[in-house]
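Grab a coffee and open your viewer. Here's a short set of exercises, each with a solution worked out step by step.

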Amino acid sequence: MKRILLCLLCACCLSGCKSPAAYETMTDLYYIPEMPEPAQITLWLPETAAFSVLENQETGKLYLCDGYSVSVQTMAAGDLDATLRAATGYGQSQLHGIGWERDGIARYECAWASAGESGDQIGRTVVLDDGTYHYTVSIMGQADLAGALTETWAAITDSVALDIAR
């Protein structure tokens, strides 16, 4: 009789050892992480550059220079292909660019050619990626003038940087 009682007592004690069911906590509020403010793009423009001709929160700034234009845009990071398509009209697989990283900022540079209303166009783009935003500077001009503007364009693209103080 003692053995039967002992077995029943053990069975009762061991039956409560099952792990509890895990339930997901639900709430009606969704956490949306706060995006930091984008950094400011700094670049050198020649004295012949007109002040910002077009400025829009979504499209950025457009400067008209002597024989070419400079476009400055800030977009959400994450998809370099989409950023390049917005800046150049070509995807990453169609462009052969150079990329490197310095001080935690990734930099991608490329050049391309396209047809325009007034003839063939040559373009050059710089994309800076801080992990949160893509900062693009694109330069476009007539193909027949591009040779004479090579040094100016190189000075502009070399000067592109971010003012990290947010």
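The exercises below go from the whole chain down to single residues, and the model they use is a predicted one.

**Exercise 1. Work out the secondary structure order of the chain and how many residues count as buried, in percent.**

Step 1: Start by counting elements: there are three helices and nine strands.
Step 2: Walk along the sequence and you read α-β-β-β-β-α-β-β-β-β-α-β.
Step 3: Now the burial. The cut-off for buried is under 20% relative accessible area, and 30% of the 166 residues count as buried.
Step 4: For the surface, the accessible area of the chain is about 11,700 Å², with 57% of that belonging to carbon and sulfur atoms.
Step 5: Finally, take the contacts with a separation of 6 or more: 52% of them come from residues 24 or more positions apart.

**Exercise 2. Find the residues of the largest nonpolar core that touch the most other members, and say which elements supply the core.**

Step 1: This core holds 20 residues, and the ones touching the most other members are Ile-41, Tyr-68, Val-70, Leu-128, Tyr-135 and Leu-162.
Step 2: Sort by element. Strands S4 (68–76), S7 (119–129) and S8 (133–142) and helix H3 (150–159) each supply at least two residues of the core.
Step 3: S8 gives the most, with four residues.
Step 4: Zoom in on Ile-41. Skipping residues up to four places away in sequence, Ile-41 touches Val-72, Gln-73, Thr-74, Tyr-135, Thr-136, Val-137, Val-160, Ala-161 and Leu-162.
Step 5: Don't stop there: apart from this core lies another one, of six residues, including Leu-84, Tyr-108, Cys-110 and Trp-112.

**Exercise 3. Describe the second largest pocket: what lines it, and how much space lies in it?**

Step 1: The space in this pocket is about 230 Å³.
Step 2: List the lining: Trp-100, Arg-102, Asp-103, Ile-105, Arg-107, Leu-128, Val-160, Ala-161, Leu-162 and Ile-164.
Step 3: Classify those residues and you get seven nonpolar, no polar and three charged.
Step 4: Strands S5 (98–102), S6 (105–116) and S9 (161–163) each supply at least two residues of the lining.
Step 5: Pick out Asp-103, which sits in the loop between S5 and S6. Its phi is near 55°, a positive value in a residue other than glycine.
Step 6: Is Asp-103 buried or exposed? The cut-off for exposed is over 50%, so with a relative accessibility of 76%, Asp-103 counts as exposed.

**Exercise 4. Place Thr-42 and Gly-123 in their strands, then find out what each one touches.**

Step 1: Thr-42 belongs to strand S1 (residues 40–42), while Gly-123 belongs to strand S7.
Step 2: Check exposure. Thr-42 has a relative accessible area of 33%, so it is partly exposed. Gly-123 has 1% relative accessibility, so it counts as buried.
Step 3: Leave out residues up to four places away in sequence, and Thr-42 touches Ser-159, Val-160, Ala-161, Leu-162 and Asp-163.
Step 4: Take one of those partners: the C-alpha atoms of Thr-42 and Ala-161 are separated by 5.3 Å, though the residues are 119 apart along the chain.
Step 5: Do it again for Gly-123. With neighbours within four places left aside, Gly-123 is in contact with Cys-110, Ala-111, Trp-112, Ile-139 and Met-140.
Step 6: The C-alpha atoms of Gly-123 and Met-140, which are 17 residues apart along the chain, are separated by 4.3 Å.

Definitions and conventions:
Residues numbered from 1 in each chain as written. Predicted model: local features only at pLDDT ≥ 70, side-chain atom pairs only at ≥ 80, totals over all residues. Heavy atoms only, no water. Core = buried A, V, L, I, M, F, W, Y, C linked by side-chain atoms within 4.5 Å. Buried < 20%, exposed > 50% of the residue type's maximum accessible area, 1.4 Å probe, protein only. Contact = heavy atoms within 4.5 Å. Areas by Shrake-Rupley, 256 points an atom, 1.4 Å probe, with all protein chains shown as cover. 1 Å grid on protein atoms, 1.4 Å probe; cavity = no way out; pocket = protein on both sides within 12 Å on 5 of 7 lines; lining within 4 Å. Points joined across faces, edges and corners; volume = space filled by probe spheres on them. Nonpolar A, V, L, I, M, F, W, Y, C, P; charged D, E, K, R; others polar.
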